[in-house]
Amino acid sequence: MHLDQEDEQILAGEQGETRQKMLELLVALGKVFGAERLVPIKSAQVSGASYKTIGKYGLEWLSSLDAKAVVPAVLNPIGMPRGRWEEMGIDPDFAEKQQAVVAAYERLGIRLDCTCTPYYLYETRYGDHLAWSESSAVSYANSVLGARTNREGGPSALAAALVGKTPCYGLHLDKNRVPQMVIDVHADTAGWGIAEYGALGFHAGKLAGNRIPYFRGIRPEPDQLKAIGAAMAATGAVALYHVEGVTPEAQKIGYDLSGLDTVPVEQAEIASVFSEIPVDAVAVGCPHCSPAELAEIARLLTGKVVTKPLYVFAAQGVIEQNARVVDSIEKSGARVFADTCMVVSPAMEQYRSIMVNSGKALAYVPNMCGGQARIGTIADCIRVATEW
């Protein structure tokens, strides 16, 4: 692997032991995947943020590091809202440990936005090289924005943040971004929203596995694209997908689809993802809500009062920028929380069943929270949360 003069200085320990170890990690990773060089990155997004997932030993490792991020770097959702953890019913012992994790990342220069949707807060452009780790963020960056990132592990994303570079392999290279299968959607999608596209992603992820799919027959908007990608990353290992006439590389590049495996998806297959099981709580915002999603939730809650716990998750910056909308949502008794989500917070483990409008949450809630999950449209979610 080619290293420049600064890289060699870091490896020699001239910028401290932590950066030396971080670059050693990146070089080893690059050699495993045949990278010929490191590439400078515009930003990093670091997972392994919830104490629920990293635990005692992860915290000890973080606390041993001594360096500062050299590129903009944000943190993935943690296990609780930093300012409202008591309101969410978080155990004080967990809260203390989670605060220690946050403090360790802050000391390393990681911005405490604690979100899986950094693209709502920081400009990311077509062709930018990134080191992002959260699966839905990786999918959105690659597919919807046309940026370039592999799905980094928490340590490698942190290493990239502290060094400012990542190994140039995988989805950083043009040759690895071409479609590997075609998914033809045979359904009337005119009235589809986030839940239906999330259900499509839930089903399509199982079909694609780790292949790059090329969709035909759909015209999703950005929030719907977010839902497809998040779900495919959860039920498969899809870090990049293309949609004919919609996503940037599908528009800019005339892909040759001849000879690719073509899989039809029928309306009935999407309908089968939906169920009518009773639920104890409702949670939306997985991935974190956009301003448009918050506005729709507020509209649907106008004049209503919740009768079941209704959790809404969004980035702190998005909440602050849409304060009136958030106030309107909370007048119903619903709660809008920053920093965390239904998947990584231990607060959601108290419920036997949770209704969501996300294919990603539908996939993750059973394993991460120990309860059943039911998907429905946002209108269905609000109806269930407010019915007597």
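In which sense do strand S6 and strand S7 pair, and over how many bridges? In this predicted model, S6 (residues 181–186) and S7 (residues 213–216) pair in the parallel sense, over four bridges.

## From S6 to S7

One bridge joins Val-182 to Tyr-214 in S7. Helix H7, residues 194–208, carries the chain from S6 to S7. This β-α-β crossover is right-handed.

## From S7 to S8

S7 also pairs with strand S8, which covers residues 242–243. The sense is again parallel, with two bridges. Here Phe-215 has Val-243 of S8 as its bridge partner.

The connection between S7 and S8 runs through helix H8 (residues 222–235). That β-α-β crossover is right-handed.

## H8 against H5

H8 also meets helix H5, residues 135–145. Their axes come within 8 Å and cross at roughly 125°. H5 is therefore oblique to H8, because an angle between 115 and 145 degrees falls outside the parallel, perpendicular and antiparallel ranges. The crossing of H5 past H8 is right-handed.

Which residues make the contact? H5 contributes Ser-135, Ser-136, Ser-139, Tyr-140 and Val-144. From H8 come Pro-222, Leu-225, Lys-226, Gly-229, Ala-230 and Ala-233. By type, the residues of this contact divide into six nonpolar, four polar and one charged.

## Summary

S7 pairs in the parallel sense with S6 and with S8. H7 lies on the path from S6 to S7. H8 lies on the path from S7 to S8 and is crossed obliquely by H5.

Terms used. Residues are numbered from 1 along each chain as its sequence is written. This is a predicted model: local features need pLDDT of at least 70, side-chain atom pairs count only at pLDDT 80 or more; totals for chains, interfaces and linings use all residues. Side-chain values use heavy atoms; hydrogens and water are left out. Two strands pair if DSSP finds at least two bridges between them. A crossover is right-handed if, with the strands pointing away from the viewer, the path from the first strand over the helix to the second runs clockwise. Axes are lines fitted to C-alpha atoms, for helices over the stretch in contact, and angles run from 0 to 180 degrees between N-to-C directions. Angles under 35 degrees count as roughly parallel, over 145 as roughly antiparallel, 65 to 115 as roughly perpendicular and the rest as oblique. A crossing is left-handed if the near helix is turned anticlockwise from the far one by less than a right angle, and right-handed if clockwise. Contact means heavy atoms within 4.5 Å. Ala, Val, Leu, Ile, Met, Phe, Trp, Tyr, Cys and Pro count as nonpolar, Asp, Glu, Lys and Arg as charged, and the others, Gly among them, as polar.
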